[in-house]
Amino acid sequence: MSVFIIKLNELYKKLVAHFKWATVVLALIIAIVALLIAIYIDDFEITTQNRDLIKTLALNFIPVCCTYIVTALIFNTFNNTANQIQNTIIKEECKLEFIKLATEANNAITNNEELIKLQLNEISLKEVEEIFYSYSDVEWHKLIKDAKEVDLCVFYMPEYWFDNNLEFFSNFSSQGGILNVYLPNPIEISNRYFEKSEVKLKTEVDILETYISFKKIQNISSIKMLNQGFNYMYARIKGDNNYFLLSPYSNVSHRGKAPTILFNEKHASEDLKKFIEKELEFLKNANEFIEFEKEKYIIWNIERNTVYISSGLSCDGSCKFCYTKSLVKKDELIQPMKLARCLSFLVLNDSRFEEGINGTTIMLGGFNDPFQEKHFEATCYLIERFKKLENPIHVSTRYNLTHKQLLTIPKNPNLVINYSISTLTDYSIEKNNQKERFDNAKYLINNGYNVALFLRPIIKDKTLKDIDKIIDKINESKIKVVTVGGLYVDERIRQILKKQNIPIDENDLIEKRFVLDDQNILKKINLNDIDDICTKLEKTKVSNTNLHIFKEAKFRVEFFKQIKKRPK
């Protein structure tokens, strides 16, 4: 009987959600007005047949509306009674489940001495302030109204929860309340009782959506991440009275959601107090939630409407001019594929992102090489992920791929693969696979991919010395687009190059911001070699009439956009 009452009450709530009182009352008024017009206003221009039709419809519709209103009133009365019965039932279930939990399957997961000890004691109704039907039914607006600080630990929350509660927490924070949110690590998670667990794609998305929603609270105190997740959802509410809210229950047979219990710490037993303190102590291990922009996995350039995405913060290419270690001090060593899924989700859900060929340009590989073996799968995932949106995607690489890998690069008409090169003969400066890079470029061009050459950075004397051989490779590979880029250095890079007999005079350095350098660490070298190389390339256009040469990447991006727009 109790199960039937709860089920019936849930059905009533769904009915109320779908049929609004205002709609029914308005429909009733319209029906009555239409009936009065049809009966009493003879001057109203309407045929007898239509007048009779209106009467029939109105006379049938009015009883339906009245029946609904009366039924709704009855159900409303029933709902109040059912809520009282339901509350009693749930409390009894909670008491039973709280005791049984220690001996059921959950015991293997929640192997916590304090919790087990607590479970074996019946819950005292004195220390229980309230029991809610589910975590979604917690009345947060009441709980945090007079609170001073809230520690909120959630695995993830659905959209409707934020629709109902985000405003309350925003107001709480804006009025000086301290709100600390704790979420699991969306990449991978361990537990206090097991070493590591995979986070499925849907769960990653749910955690990130929760993170994005909480970020909307402007004055939120912190959003932290626990590499060890939670065994259940809980919260600590501090004020004149302290409350502890948790939901450590297995799902009951007739309900998909577990009930939630609110303890008043003022009346808590010693066992309960120890348990709460243990849980709060655990939160001290939390780290700041991964700030993907702060860590430079994502870099936005609003001026150019461009986003740079890196599935890692390091490169094994050992190029002597590499700027990564100058701009990034650590690599989180996150699994690239999992990271790529998170990064793509965050970019696509960012208000700065614009879809389409004229939208945001996506640059893959700001601080890593996208075709490096450990990043290749993640790069292919990102290319495919953005494919349907038709946004320009540019990949820059110094790595060559195997034939099998070349076959797996997604076919995307908006993808441009840029092979970077600085020299053909000095193998000590950059990765020694120049021939293979040009071979890859030729293969991809012959198979319909957009491929360009990125002559960067130009190394004084070295690149100019090899330019004729590079031009031969350009023609042989059928490359039609070349971008020429300068060299940016800091003292670290200068010292490395000096050991390679490439001294850099302080007077040759100019202040020009590198697009990925938000701290102005790097300076550009002013070289005449760049103009000389461009002149050489221009002369090549005599034999390669379709060769296009650019001095900045943004012009290359625009060029490929215009090609895409041309009618076929």
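Here is a short back-and-forth on why certain labels apply in this structure.

Me: What kind of model is this, and how are its residues numbered?
Reply: It's a predicted model, where local features need pLDDT of at least 70, side-chain atom pairs count only at pLDDT 80 or more, and totals for chains, interfaces and linings use all residues. Residues are numbered from 1 along each chain as its sequence is written, and side-chain values use heavy atoms, leaving out hydrogens and water.

Me: How do you know that Cys-322 is in no disulfide?
Reply: A disulfide is a pair of cysteine sulfur atoms within 2.5 Å. By that rule the count is zero disulfides. For Cys-322, the nearest cysteine sulfur belongs to Cys-315 and is 5.9 Å away, so the pair fails the 2.5 Å cut-off.

Me: Why is Cys-322 called partly exposed, and why is Cys-380 called buried?
Reply: Buried means under 20% relative accessible area, exposed means over 50%, and partly exposed is in between (1.4 Å probe, protein chains only). Cys-322 has 28%, so it's partly exposed. Cys-380 has 10%, so it's buried.

Me: What makes Asn-165 buried, and which residues does Asn-165 touch?
Reply: Asn-165 has a relative accessible area of 4%, so it counts as buried. Its place is in helix 6 (residues 159-174); helices here are DSSP runs of H or I with at least four residues, numbered from the N terminus. Leaving aside residues up to four places away in sequence, Asn-165 touches Val-138 and Trp-140, with contact meaning heavy atoms within 4.5 Å.

Me: Why is the span of helix 8 called close to the expected one?
Reply: The expected span is 1.5 Å times one less than the number of residues. Helix 8 (residues 270-282) has 13 residues, so 18 Å is expected, and the first-to-last C-alpha reach is 19 Å. Buried residues in helix 8 include Leu-272, Phe-275, Ile-276 and Glu-279.

Me: What makes the lining of the largest cavity free of polar residues?
Reply: A cavity is a set of points on a 1 Å grid over the protein atoms alone where a 1.4 Å probe fits but cannot get out, and lining residues have an atom within 4 Å of a point. The largest one holds about 60 Å³ of space. Ala, Val, Leu, Ile, Met, Phe, Trp, Tyr, Cys and Pro count as nonpolar, Asp, Glu, Lys and Arg as charged, and the others as polar. Its lining includes Lys-460, Asp-505, Asp-508 and Pro-503, and the tally is six nonpolar, no polar and three charged residues.

Note on methods
Helix = DSSP H or I, 4+ residues; strand = E, 2+ residues; numbered from the N terminus. 1 Å grid on protein atoms, 1.4 Å probe; cavity = no way out; pocket = protein on both sides within 12 Å on 5 of 7 lines; lining within 4 Å. Points joined across faces, edges and corners; volume = space filled by probe spheres on them.
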